[in-house]
Amino acid sequence: MSDIFREIEDELRRDNLLKLWQRFGKYIIAVVVVALVVAGGVAAWLSHRHAMRQAEGTRYSNALLLLRTGKEAEAQKAFAALAQDGGGYGVLAAFEHAELLAKSGDRKGAVAAYDRLAGDSGVGPDLRQLAVLLSVMHALPGGDPQAAIARLKPMTGSGDPWRFSALDLTAAAELQAGNRSGALKIYRQLADDAATPQGLRARAAEMAAALKS
């Protein structure tokens, strides 16, 4: 008797499923199709992104090769073009391009390039700070030392990754501004801090000794 009830239940279940399919089948198919299209689109996008990164990496390597073989003008153009495209390699290329501008004697161009990197929200904060440091370094000779000190101040706090370099440049700016005692204080601070990188610490000690005499 229980077998008969089970068969009836199975038939009802199949009948209900058939009715549900007849009513909602087209919507289910549409959802599946959309899901497949989206999945295919995501896969295509990821593949395209990977190919783009490979292409950017190749362009960056080729620009570096031009630089290593002494073709600086060509390398500068290659880095500039890659920098325009943005992305990880674009940021690296922008730094290379700025440095080549400085090396060629175009200090204003280099400062402007570093300032663009420093103001680009798409660049990581540590790299933006590095761009500020390099901008100040190239602008300081003949530039406004007080402006340099103000730009560097946010990086001189404890725990900042660029603290020691920022303090070193701040001391140089203080000297340029004629503040000998202010520069001496910073050089002593760097020389006495065991966390200061060894080369910078030794140079700071030499500068402190020279300023004290």
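This is a tour of the structure above, going from the whole chain to single helices, cores and charged pairs.

**Before you start**

The model is predicted, so that local features need pLDDT of at least 70 and side-chain atom pairs count only at pLDDT 80 or more, whereas totals for chains, interfaces and linings use all residues. Residues are numbered from 1 along each chain as its sequence is written, and side-chain values use heavy atoms, with hydrogens and water left out.

**The whole chain**

Show the protein chain as a cartoon, and you will find nine helices and zero strands, where helices (H or I, at least four residues) and strands (E, at least two) are DSSP runs numbered from the N terminus. Of the 213 residues of the chain, 31% count as buried; buried means under 20% relative accessible area, exposed over 50%, and partly exposed in between, with a 1.4 Å probe and protein chains only. If you turn on a surface, the chain exposes about 13600 Å², of which carbon and sulfur atoms supply 59%, the areas coming from the Shrake-Rupley method with a 1.4 Å probe and, for residues, with only the protein chains shown counting as cover. Among contacts (heavy atoms within 4.5 Å) with a separation of 6 or more, 46% are accounted for by residues 24 or more positions apart.

**Helix H7 and its surroundings**

Select helix H7, residues 163-176. H7 has 14 residues and reaches 20 Å from its first C-alpha to its last, close to the 20 Å expected at 1.5 Å a residue; the expected span is 1.5 Å times one less than the number of residues. Ten of the 14 residues of H7 are buried, so this helix is largely enclosed by the rest of the structure. Those buried residues include Phe164, Leu167, Asp168 and Leu169, and the buried residues of H7 pack against H5, helix H6 (145-152), H8 and H9. Just after H7, look for glycine 178, whose phi is positive, near 90°.

Move next to helix H8, residues 180-192, whose 13 residues reach 18 Å from first C-alpha to last. Its buried residues are Gly182, Ala183, Leu184, Ile186, Tyr187, Leu190 and Ala191, and what covers them includes H7 and helix H9 (198-212).

**Two nonpolar cores**

A nonpolar core is a set of buried Ala, Val, Leu, Ile, Met, Phe, Trp, Tyr and Cys residues joined through side-chain atoms within 4.5 Å. Select Phe95, Tyr114, Leu117, Leu133, Val136, Leu152 and Met155, which touch the most other members among the 25 residues of the largest core. Helix H3 (87-103), helix H4 (107-118), H5, H6 and H7 each supply at least two residues of this core, and H3 gives the most, with six residues. Apart from this core lies another, of 13 residues, among them Leu167, Ala191, Ala204 and Leu211.

Now centre on leucine 133, which, not counting residues up to four places away in sequence, touches Leu152, Met155, Trp162, Ser165, Ala166 and Leu169.

**Around H6**

Proline 145 lies in helix H6 and is buried, with a relative accessible area of 14%. Draw a distance from proline 145 to alanine 177: they are 32 residues apart in sequence and 5.8 Å apart in space, C-alpha to C-alpha.

In the loop between H6 and H7, select aspartate 160, which is buried yet has no salt bridge, since arginine 163, the nearest side chain of opposite charge, is 8.1 Å away. Here Lys and Arg count as positive and Asp and Glu as negative, while His and the chain ends are not counted.

**Charged pairs**

The structure holds four salt bridges, each being a side-chain nitrogen of Lys or Arg within 4 Å of a carboxyl oxygen of Asp or Glu. One joins glutamate 72 and lysine 103 (3.1 Å, N to O); glutamate 72 lies in helix H2 (residues 72-84) and lysine 103 in helix H3, so the pair ties together parts that are 31 residues apart in sequence.

Returning to H7, select arginine 163 with aspartate 193, whose side chains meet in a salt bridge of 3.4 Å, N to O. Aspartate 193 is in the loop between H8 and H9 and arginine 163 in H7, so this pair ties together parts 30 residues apart in sequence.

Finish with aspartate 168 and arginine 203, a salt bridge at 2.4 Å, N to O, which links H7 to H9 across 35 residues. Aspartate 168 counts as buried at 14% relative accessibility, whereas arginine 203 counts as partly exposed at 37%.
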